[in-house]
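Me: I'd like to learn how to read cysteine links and surface patches in a model. Could you walk me through an example?

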Amino acid sequence: MASRAGSGAAWGVWLLLAGSIAALAAAAFYTFNDGNGIAFTGGTYLVLVSTALLLAGAMILTQYRDMPGWFSGTLGLLILLDILGTAAAAYFLLAWVLLGLMGFCLLAWLLHLFADPARYRVLESRAIERKTA
Amino acid sequence: MTKTRLIALSTVASLALTAAMAPALAQEAGTDQPPIAGEPEDTGQGQGGTPSGPEGGADEPSGEGAGFTGETESSIDHTGADADPSRYETEATTTEPAGMGATVESGPAAGAGGRGPDAWMETPDSWATFNGDLMAQKYSPADQITPENVGNLEKVWEYHTGDVSDGSEDIPTTVWSATPLFVNDTLYIGTPFYRIIALEPATGEEKWVFDPDARLEALTQPAMKNRGVAYWQADEPQEGEACQKIVYIGTMDAKLYGVDADTGETCDGFGDGGVVDVNQWNTVNAKWPLSLLQPPTVYNDTLFLGWAGKDWTDSAAPPGTVFALDARSGELKWMFHALPNEVIERTGTANVWASMSLDPERGLLYLPISSPSPNYYGGNRLEELPLATSVTAVDTETGEVAWSRQLVHHDIWDYDTVAPPTLVDIEKDGETVPALVQTSKQGFIYVLNRETGEDVYPVEERPVPASDIEGEEASPTQPFVDTPAPVVDDDWPGVFWLADLVAFGGCSERAEGVRWEGRFTPPSLEGTIAYPPTTGGAQWGGGSVDPRTGIYVVNTNSVVQIYTLIPREEFQEEGQEGETAGFYAQGDVPYGFQLETFLNWAGMPCWNPPYGHIQAYDLKTGERLWRHPFGQVQRYGFYMPESWGSVTIGGPVITASGLIFIGASMDSRVRALSLETGEVLWQDLVEAPAVSLPAVYTYQGRQYVTFIVGGNTILLPKVSDQVVTYALPQD
């Protein structure tokens, strides 16, 4: 696994970023487009915040490659929880587009976990940190 | 790949994702729709088990003035009446016993009218009354839209009246439950601001608007309410003559307006310059105006009119009356009083606030009569009040009682009879029975012979729990019905584990601390589980029937509330008077009252779902054919599982092709269901809960379904002014 470190594109992270941007757009649409049955409700405000946090997390992953292992691990876990929580909220809001985007983000997260170069990856960056220590 | 390229790529990908899903988003949001085009103490002995006729306890009326001997409080102008009362001082009225303690006053227009159906109302393409027809069958013979093609239904036009308020400003929130009428090639709509709007049925374009500049104040209700308009036309309308066809709308402050159906101009010959002030007859316990929220029932040039008030604030309140007015002139034909004269110093209401039904062949008007005031304590009214909480048949020409069945004795649960009884002939045991089907808040479906009031399916008196409140004497028995099966189960649904978990055991703890001994457990000091409570059971929408098959459909609620009486000295009124929750003073009786829906701290229902159903019965056998949770509960935007169902207000309409059209649910959907199975075949998102009856009609060969989407604060704090019409695509 270490042989892939630093080589190739970090597709998972970038796809996660793309998915989170789309998710935030969808959440905003659900929140502010009156007449969809859920606009301006607590539920849509919740997914608006959660998708904004998801986007922030994805941006951190793309911007800061050499994070401490504990930080990247925690961030990765929080992103996963955000995806799952937003997906659950989307399911109960009947916000199927947002639910689909959360599925996409989950795939991107898995891709990031298992296929991205090590310096982007939560688990391997932690391993690298241990080695260098 | 550079970072810049990756950022660009991810941006493009996100845009592509959003674009790809835009149609789905738009569809959910409804943005792909066409452009927009434009509310005796009763001992229980011997009552309810058999029908009572006029001989069953007539009381002598005073015969003076308005016929009442009760104290009049109308010197204080709580009523909003501003018509010149002297106009009516010359009108002699005579008061006669009407049977069962009721009285009838005959007015100057008495004797006019007749029997037999109005020909203009009989056209199969129209939806000319609140319930589609006088018999409240809510049935349309239209068959263009079928179970096979209903999935293709599309919105053909949408109209916004502008008459909507969420209560955040000067005007109280609106609760709009109107049925649109289609008649005279026009769609007529009444609004919660009491305007009448005439629309072109195929396009939704405005033909005319009538604005009475009504008082927009919550005089008797916590919200601005309206359930639509009524229509009348002369048997042989004279061409070019005004007001041969009249549309009527009532207001919160008891004005009844009559306007020309073709032009929207007021009919000067109707009342005083086009308006009848019904409050002129509000002379006893006149604490508030007789709100005209339900449109009149029209038959043989006569308008039959009930009224709405508030039976939770006062003990002595305006006593229940039904008015029969001449459709042309607005003159009084007769006035029916449901309560005996002896009690009206201490009680009131027992009024008819919901729709009535009428048998045009027999000339019988069927009144769903509500409970007496105050709602939850009866120690001030221990006398027999045989017409309170009853279904009562009166003669359309005289107002005399033909028969009556009391459905709850000594009502202390606010079990108003609220739905118009459905009249239908059913084939039972080889005979054709002229039946009446009465749904109820208490969850029973009473099937009676509409000529005699006798049971078609047995109604049995059974012992019920006694009251433990000093001064209260609950009836020892109540009428029970086993067939058709009650719309709610005998026992309350029990504590919902999830709500209990969220409340850290608070739900089960509360349930253990309150009284529950089955149906009709009286209100108590420690709190009583009321199941079903005042929200029903079945609500004012009632049921619909396919007269060809005798299949009867009704939407229902499964709600648990807690009734707590509070000794007067401890009672502190907290918050505003409401309709479903809060504190109620109940006038000067020894107890105030608290009504709570059984929720945990998070607002979750503490009882097991489902919270509402739609169910079908075969009236020929009394068998329940199917029963499904209906709609979805929505909270903070989140939809709960379909298996939980929704509380429902409004009613279903059946079509000849085997469809049920219904709004009614909390989730702001309108739906079409299969009459055979109850399966949802089509649904569409609308702007708020459609708490009304849809109108189904055919115009220029095309079948339309129109829903009024007004919302109801009982269901959800969501209001709208939307009128939406669906039809199949044109070739």
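Me: How many disulfides are there over all chains?

Reply: Happy to help! Keep in mind that this is a predicted model. A disulfide is called when two cysteine sulfur atoms lie within 2.5 Å, and by this rule the count over all chains is two. One joins C243(B) to C267(B), with 2.0 Å from S to S. The other joins C507(B) to C606(B), also with S to S at 2.0 Å.

Me: Which parts of the chain does the link of C507(B) and C606(B) tie together?

Reply: C507(B) sits in helix 4 (residues 506-512) of chain B, while C606(B) is in the loop between strand 33 (591-597) and strand 34 (612-618), so the link ties together parts 99 residues apart in sequence.

Me: What is the handedness of the disulfide of C243(B) and C267(B)?

Reply: Look at the torsion about the S-S bond: here it is about -105°, so this disulfide is left-handed. The link of C507(B) and C606(B), with -60°, is left-handed.

Me: Is C507(B) buried or exposed?

Reply: Buried means under 20% relative accessible area. C507(B) has 1%, so it is buried. C606(B), with a relative accessible area of 1%, is buried, and both C243(B) and C267(B) are buried.

Me: And on the surface, which residues make the nonpolar patch of about 310 Å²?

Reply: That patch is made by F32(A), F40(A) and Y45(A). F32(A) belongs to helix 1 (residues 11-32) of chain A, and it counts as partly exposed because its relative accessibility is 46%.

Technical notes:
Residues are numbered from 1 along each chain as its sequence is written. Chains are lettered from A and ligands numbered from 1 in the order in which they are written. This is a predicted model: local features need pLDDT of at least 70, side-chain atom pairs count only at pLDDT 80 or more; totals for chains, interfaces and linings use all residues. Side-chain values use heavy atoms; hydrogens and water are left out. Patches are made of residues with over 30% relative accessible area and no salt bridge: like charges are joined within 9 Å, nonpolar side chains (Val, Leu, Ile, Met, Phe, Trp, Tyr) within 5 Å. Accessible areas come from the Shrake-Rupley method with a 1.4 Å probe; for residues, only the protein chains shown count as cover. A salt bridge is a side-chain nitrogen of Lys or Arg within 4 Å of a carboxyl oxygen of Asp or Glu. Helices (H or I, at least four residues) and strands (E, at least two) are DSSP runs, numbered from the N terminus. Buried means under 20% relative accessible area, exposed over 50%, partly exposed in between (1.4 Å probe, protein chains only).
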